[in-house]
Each structure stands twice: as structure tokens, then as C-alpha cells.
Amino acid sequence: KIPPQPSESGATTDNEGSLYQLNLSAVTFGNETITSWDVTWGDGTVSHYFIDPTAPNGNLTVTHDYLDNGTYIITSDATDNSGTTYPSVNAANPSIDTITVDVANVAPTLSNVQVTTPINENSFADLSGTISDPGVLDNFVLTVDWGDGTNGQKDISTYALAAGTENFNVSHQYPLFGNYTITTSIVDKDGGAGGPVSVGLTVNDVAPVLDPIVVNPTQTQEGGRVVTVSGTYTDVGPDDTHTVTINWGDGAIMNSTDPNSTIVINAVNRTFTATHLYLDNPPVGTPNSAYTISAYVTDNGGLRSNTETAPVEVDNVAPIFGEVELNGVQAVPPVNGQIQSTITINEEGVVTITGTFRDPGILDTEKLFINWDDPGVPPQAVTVTRDANDPTIWHFTASHEYVRDNPGGVYM
């Protein structure tokens, strides 16, 4: 009996996840036939193949899927119709009975990478995508550069993904508005790299919200107490910065960035205070003699909040006379603007009156009239002069000749 001569042939290289093809053939003599083959693939898998009895010979071409990269040694045996098993030889090198196959790693790929856009500041962006890798035993490290960061440091996240992962969905919070580029890459356990893949994200600015403002006091007078306005505001953007603008209603508009602004912002608690001195009351006829104060907040993206308003009553203050002299003699204090007799002069004598009065409303227009109580002489309009050092003090002087004697007084 001449034993059969089985042999095996196949490539010495392959890629993971690809079907490796092995050719099995045998030369037989006489009535011998090959009834089955056994193949040891080197990765822990053993395959048994039966031969169809009607087949003209025992030759086979079989395939095997190597799930991971590595070096594998293939051996095979043929069994004839007598039940005897014979080892195969390498058809390319009959001196050995094995085939050594180097299976290469295949890098993973990323596809369908997309992000929810746009979103509002301080919201989460969801990033998703698909992973493809024929090496089904590979696990992965997914790396995402979110495109933001602080103090020059990029915000990069890594995610460990199990073997067989086909999809990913990760999220990231963006506290600050702007346009960002998200870059994603992936590496398998063998160092095969896929990507990078970049997608764009728009994070919208959201306007701040101003709460009702508080005025204290709600009633004052021109040149009187300083009025304080305070307020609080909110903003979903934790990293946003803000300015405050206040229109005091009397023509003065103040921004927190102005030189000498009285607006003080507490950026941590997002509150503000501001002070203002009203130099004049509203025009005559204004309801309740009130100015309307309005305020709004602007963030560093240029978005303005709602405008909040509140009234403040500013009352006029009547002028009050100070010292008044008649010909150098201090006059009796005026009563209802009338000076009682203070000095005595002869007819055709001249009276010179000098004095001051105070008006805290420094924007008021002052007019002084003197009624000399001299029959037939109309009231005299007198020029007043503001004090050089105190804008609330006014000076005046005027003279009048009494051409006849006539007891009376002086009215101002």
C-alpha cells in the first residue's frame, strides 16, 4: 500500500477580519480516497471537513476569518477511507508541515461624525459617530478635542470603548458662546489610528435678564439726597461679563465703563449699585414731579437684557434769603419776602440793598425783583451773580432814591 500524499498551500500574510483561503490537496494511489480533513488554524480554532463520497478527489479550498492580528501556524491532516490520518506538508516547502501566516492589524475608521448645532451657551453638545474595524476583538480609545478650554489649555476628553463598539455618543458642556471646531480621532489596542474628523459647532449667546430695580430714596429734592439704584441680573452663561447702563431720566446716561462712573458691579453675585445727585426738578407739570429711571445690562457678546424702570420724585426747593443789608446795616430778616423798616433816610435819600440767597437747584434760572414800596415806582428787575465757590449761593445789589418821604418797606 502506498500512502496518500496530502499537502496544503496558502498566503503567508493576511489582514484581520479578512477571509484567509487555504488549499488542501492529496495524491492518492489505488483505491484510496480522502474522506476528511482536519485544520488547526493556530488561533485556537480547529475545523473538520468531510469529503463528499461522490467527489472526484479529496481536494478542498477552505476559508477562515482571523478576528485579530498576530502570527498564526496552520497545520492540517488528511484521513483516508481506511481511517488512517496523514499530516500535510507545505506545498511550497515540502520539508515542513506547517504554514505560518502573519495577520496584520487594520486601523479603525470613523464615519457619520456629527454634533447637535447650534446650541445655547452653557448647554451640552452631543457628538455621535460610527466606528468600523474588521478586527472585532479590538478595543478602542476615542479622543475628542472639544475646541474650547481655559488659560490656553485645550479641553480634551478620552473615552475607553470595548471591543465590538460600533457607535459612540458623548457630550460636552460649553459655558461660553462662540464658534468651535471639534476634532475626533480613534486608536485601537494595536495602535491603529483613525481620523481625525472635524465638525463645526455654533454656541449661541443668550441675553442676560434684569430683575426689577430698586430706588432709594424714592423721593428727594433738587440738590438734596443722593439717589441710589440697585439691581440684580442673571445670565445662563457663567463666563459672560457684563456692563450696566442707567438713564437717570434727567438727561444723564451712565455706563459702568465710563470714566468716573458711579456704577459698581459685583460680577460674582451679578448685582450692581449706582448713585446720582439730581441738580434740578423735572419740568413744571410733570406728573408727581418724577423722573423715570431706566436700566439694562449688556453681556460681552453685545446682547442686551430687558429694560427695567422705576420713578423717583424730585421736588423743587424755593430760594432762601441769606444776609441782607440796607446801606450796610443788616436788615431785619425778610418775612414772606418783605423787609421791614430797618434804617431811616431823608427824602431824596438813596437806599442800597445787598444780599444773598441760596437755591440748591443749581440748574434753576433765578430772577430777582425788588418792590421798593415807593408809590408809582414799578418793581425793579435785579441782576444776580452766582458765587464763585458755591454754586447754590447767589449775590445781588441794587439802589433806589426815595424822592419823597413815604413810610413803607422793601419787597423782594
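## Exercises on strands, sheets and surface

Leu67, Val136 and Leu137 form a nonpolar surface patch, and together they have about 240 Å² of accessible area. The model is predicted. Work through each exercise with the structure open.

### Exercise 1: a residue of the patch

Locate Val136, and decide whether Val136 is buried, partly exposed or exposed.

**Solution.**
- Step 1. Val136 lies in a loop; strand 13 (123-132) comes before this loop and strand 14 (140-150) after it.
- Step 2. Take the relative accessible area of Val136, which is 42%.
- Step 3. Apply the cut-offs: buried is under 20%, exposed is over 50%, and partly exposed is in between.
- Step 4. Val136 is therefore partly exposed, at 42%.

### Exercise 2: the partners of strand 4

Which strands pair with strand 4, and in which sense?

**Solution.**
- Step 1. Strand 4 (residues 34-40) pairs with strand 7 (residues 70-80) over 6 bridges, in the antiparallel sense.
- Step 2. Check one pair here: Thr40 has Thr75 of strand 7 as its bridge partner.
- Step 3. Strand 4 is also joined to strand 5 by 5 bridges, and these two run antiparallel.
- Step 4. Check one pair again: Val39 is opposite Ser47 of strand 5.
- Step 5. Look at the turn. Strands 4 and 5 make a hairpin, with 5 residues between them. Gly42 sits in this turn and has a positive phi of about 90°.

A reminder on pairing: the strands of a sheet pair through backbone hydrogen bonds, parallel or antiparallel.

### Exercise 3: the surroundings of Ser47

Describe where Ser47 sits and what its side chain touches.

**Solution.**
- Step 1. Ser47 belongs to strand 5 (residues 46-50).
- Step 2. The relative accessibility of Ser47 is 15%. Buried means under 20%, so Ser47 counts as buried.
- Step 3. List the polar contacts. The Ser47 side chain makes one with the side chain of Trp41, at 2.9 Å. Another, of 3.5 Å, links the side chains of Ser47 and Tyr49.
- Step 4. Now set aside neighbours within four places in sequence. Ser47 is then in contact with Trp37, Asp38, Val39 and Trp41.
- Step 5. Two names return. Val39 is the residue opposite Ser47, and Trp41 makes the 2.9 Å polar contact.

### Exercise 4: two open sheets

Give the strand order and the edge strands of the sheet with 4 strands and of the sheet with 5 strands.

**Solution.**
- Step 1. The open sheet of 4 strands has the order 6-3-1-9, with mixed pairing.
- Step 2. Its edge strands are strand 6 (60-65) and strand 9 (89-90), each pairing on one side only.
- Step 3. Strand 9 runs parallel to strand 1 (residues 5-10), and 2 bridges join them. Glu8 stands opposite Asn90 of strand 9.
- Step 4. The open sheet of 5 strands has the order 12-18-17-14-15, and its pairing is mixed.
- Step 5. Strand 12 (119-120) and strand 15 (153-161) are at its edges. Each has a single partner strand, so one side of each has no neighbour in the sheet.
- Step 6. Strand 12 and strand 18 (residues 193-204) run parallel, joined by 2 bridges. Ile119 is opposite Val203 in strand 18.

### Exercise 5: a proline in a loop

Where is Pro175, and which residues is Pro175 in contact with?

**Solution.**
- Step 1. Pro175 is in the loop between strand 16 (167-174) and strand 17 (178-188).
- Step 2. Its relative accessible area is 24%, so Pro175 is partly exposed.
- Step 3. Beyond neighbours within four places in sequence, Pro175 is in contact with Glu121, Asn122, Gly237, Pro238 and Asp239.
- Step 4. Compare sequence with space. Pro175 and Lys154 are 21 residues apart in sequence, and their C-alpha atoms are 14 Å apart.

Note on methods: Residues numbered from 1 in each chain as written. Predicted model: local features only at pLDDT ≥ 70, side-chain atom pairs only at ≥ 80, totals over all residues. Heavy atoms only, no water. Pairing = 2+ DSSP bridges. Buried < 20%, exposed > 50% of the residue type's maximum accessible area, 1.4 Å probe, protein only. Polar contact = N/O pair within 3.5 Å; in protein donor to acceptor, adjacent residues only side chain to side chain. Contact = heavy atoms within 4.5 Å. Patch = residues over 30% accessible without salt bridge, like charges linked within 9 Å, V, L, I, M, F, W, Y side chains within 5 Å. Areas by Shrake-Rupley, 256 points an atom, 1.4 Å probe, with all protein chains shown as cover. Salt bridge = Lys/Arg side-chain N within 4 Å of Asp/Glu carboxyl O.
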